[in-house]
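Colleague: Hi! Could you walk me through this one?

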Amino acid sequence: MSIITIKLSENSKRRLQTNMLSVLFCVVLMLIFIGTSGFTKITNENNTNSNDTSTEANICTLSVDAGEDVEICGNQEVTLSASVSGESTCTDCTETYEIENTYRCGKDFYYVLWLKDDNNNVVRRFSNVDLKWQEFNNGTATLTGTVVDNNDSQIVLDVDVTYSGRTTTTPSGSPKDHFCNTEDSNAWIYYTEVTGTVTQTDGSWSFDISRRGPAFQLGNGANVTEDEVGKYGGSGWFDTTDTDFNRGDFNINIGDCITTQNKEVSYLWSTGETTPTITVTESGTYTVAVTDCGDCEDNDTVTVTFTNPSTVSAGEDQSVCLGESAMLTASEGDTYSWSTGETTQSISVTPDETTDYSVIVTKGSCEGTDTVTVSVEDLVVSAGDDKAICYGESVELTASEGDSYLWSTGETTQSIIVAPEATSSYSVTVSKGDCSGSDDIVVSVTRFRASAGEDVEICNDGGNPDAFSFSKLSTIREPVTLTASEGDSYLWSTGETTQSIIVSPTVTTSYIVTITLNGCEASAEVAVIVKDCDGGPTTVAAVYPTLLKPDGNLSVNLSLKKSQSVRISVHNLSGGTVGPVIRKNMTKGDAQMNIALGQFSKLSSGIYMIHIKGDNGLDMVKRFVID
């Protein structure tokens, strides 16, 4: 007599409990197959909690081969691999189920989702496109995919909803009543919470949902608007965040489980390992047992024999300084194979970093291996960054950590203090262990001498009511320009910070300037000596015309008490000199000067000063205008 196997899923069991017709149907199936041979699997395609795996037949053709016996010399590893053929093909439920439309009881249409606009009493219904139902072991489930508007196929919504709080105990306020059938809710499942988002695929409409009223229910007849009695499905009201369609319901029927096929097999070696391949290092007989997804089994054995090789040595570990070489020598043998590719018993290596070198020594029919490590001491020496100091200053130089130090100055401490008078280079050699290294550092010295120019003598009787200041419109006694030597910044005792300043002291005065260059400072002093000059006042008879073109001529009539050399310069209102400086020897008495402005190429429209200064008491400034 043949054995008949009938395998029911959990959902089938629920249906048998709630629908006696299903039980009678199973009994009839059993009677039909009595006396026949073979394996029959009865499943419920609407089961949402099935892990069933089925095979096409119960005929086992599984075969495993552990490989040929192995005999090896030495303490090497042997890899054993089991190859499998004839394994069963199994079909697994992925715990993901297709969704079917609801045929609305009392109505002639199909749908899975409806939305209600309570203010305008408008209902929209949507049919399934590719919704999927998936349950998880943590008490949650998801409903995802797309639906389409029953009245407008251009409106497609993406559904992404998560149910949580799974329970088989009926929550307060549940279950929802079926609209047109009487259903047994004893075996129903409930999800007490729901969150999710429904979004139109073009992005023009989106809203979130939350639970409304009874919990979401799942089971035979749990889809309360389905016309067919006992059909496995679910339903649950929800509120939305949409301002118009403020509530709705999912009314779904659970369809076929989405399945996958596999030929998975499991391995169990006599070592306890469960992988297709294992590595062994001891002699012995190893057995592997294989079971496939259809519970078919087979096993095979393989024998591994190790023989003892000669002891192989690559020598003691060594330590070298960076750039040095080490000699490696293997123990006696017939042939040698180093990890460097060399095949001699001894090799010389010069590694850039700590490196392991291995050698395989063959002697007779056996071979052995050993590894030696050559450590590299990379001593990086630093004397620090280059320094910059001012003349007369000192600076501390510090070398990197070591056991001993030798500076180019002859000093042997880690840090030294130097005070060079000119830019100098210093070197240090640092030793640490058996290694040493050197580094150089440059100390740049900034040395400069500040100057404010030579002392200047001016006359105290050269004042003229017609004289004009370069910095402001006022009467001056005698202006003098003081210019400091080159630097990065300047500070005069007057508070001014330019390289040149204009002064007009009434008494002899000393001026001090502090110049900064490359971070270093130096000061200089200059005196403006005010004295009485022989010769008495000098007057200007006439300066004309006062309004000129850039290429015009300017005439000046003078009355001199002494003959003298006269220096003539033209300035803008800022005091800057414009064009060349003219020198002319003039005799005592009345004299006339004619000045061609065309030689002053930089003149443009504006006010200018002509400065006339002699070496025997003459010093005055007059204004003129270029049109």
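Colleague: Which strand does Glu 135 lie in?

Modeller: Glu 135 lies in strand S11, residues 132-135. Strands here are DSSP runs of E, at least two residues, numbered from the N terminus. This is a predicted model, where local features need pLDDT of at least 70, side-chain atom pairs count only at pLDDT 80 or more, and totals for chains, interfaces and linings use all residues. Residues are numbered from 1 along each chain as its sequence is written, and side-chain values use heavy atoms, with hydrogens and water left out.

Colleague: Is Glu 135 buried or exposed?

Modeller: Glu 135 is buried, meaning under 20% relative accessible area (exposed is over 50%, partly exposed in between, with a 1.4 Å probe and protein chains only). Glu 135 has no salt bridge, which would need a side-chain nitrogen of Lys or Arg within 4 Å of a carboxyl oxygen of Asp or Glu. The nearest side chain of opposite charge, Arg 166, is 4.4 Å away.

Colleague: What does its side chain touch, then?

Modeller: The side chains of Glu 135 and Trp 133 share a polar contact of 3.3 Å. That term covers N or O atoms within 3.5 Å; within protein, one must be able to donate a hydrogen and the other to accept it, and residues adjacent in sequence count only if both atoms are side-chain atoms.

Colleague: And which ring does Trp 133 stack with?

Modeller: Phe 216: the ring centres are 5.7 Å apart and the planes are at 20°, so the pair is stacked. Rings of Phe, Tyr and Trp (its six-membered ring) pair if their centres lie within 6.5 Å; planes under 30 degrees apart count as stacked, over 60 as edge-to-face and the rest as tilted. The pair links distant parts of the chain, with Trp 133 in S11 and Phe 216 in strand S16 (residues 216-220), 83 residues apart.

Colleague: How accessible are those two?

Modeller: Trp 133 is buried at 0% relative accessible area, and Phe 216 is buried too, at 4%. Ring pairs also bring Tyr 163 and Tyr 191 into a cluster with them.

Colleague: Back to S11. How many bridges join S6 to S11?

Modeller: There are 3, and the two strands run antiparallel. Thr 96 has Gln 134 of S11 as its bridge partner. Strand S6 (residues 90-100) is also joined to strand S18 (residues 247-262), by 7 bridges, again antiparallel. Two strands pair if DSSP finds at least two bridges between them.

Colleague: Nice. Which residue in S18 is opposite Cys 90?

Modeller: That's Asn 262.

Notes: Helices (H or I, at least four residues) and strands (E, at least two) are DSSP runs, numbered from the N terminus. Lys and Arg count as positive and Asp and Glu as negative; His and the chain ends are not counted.
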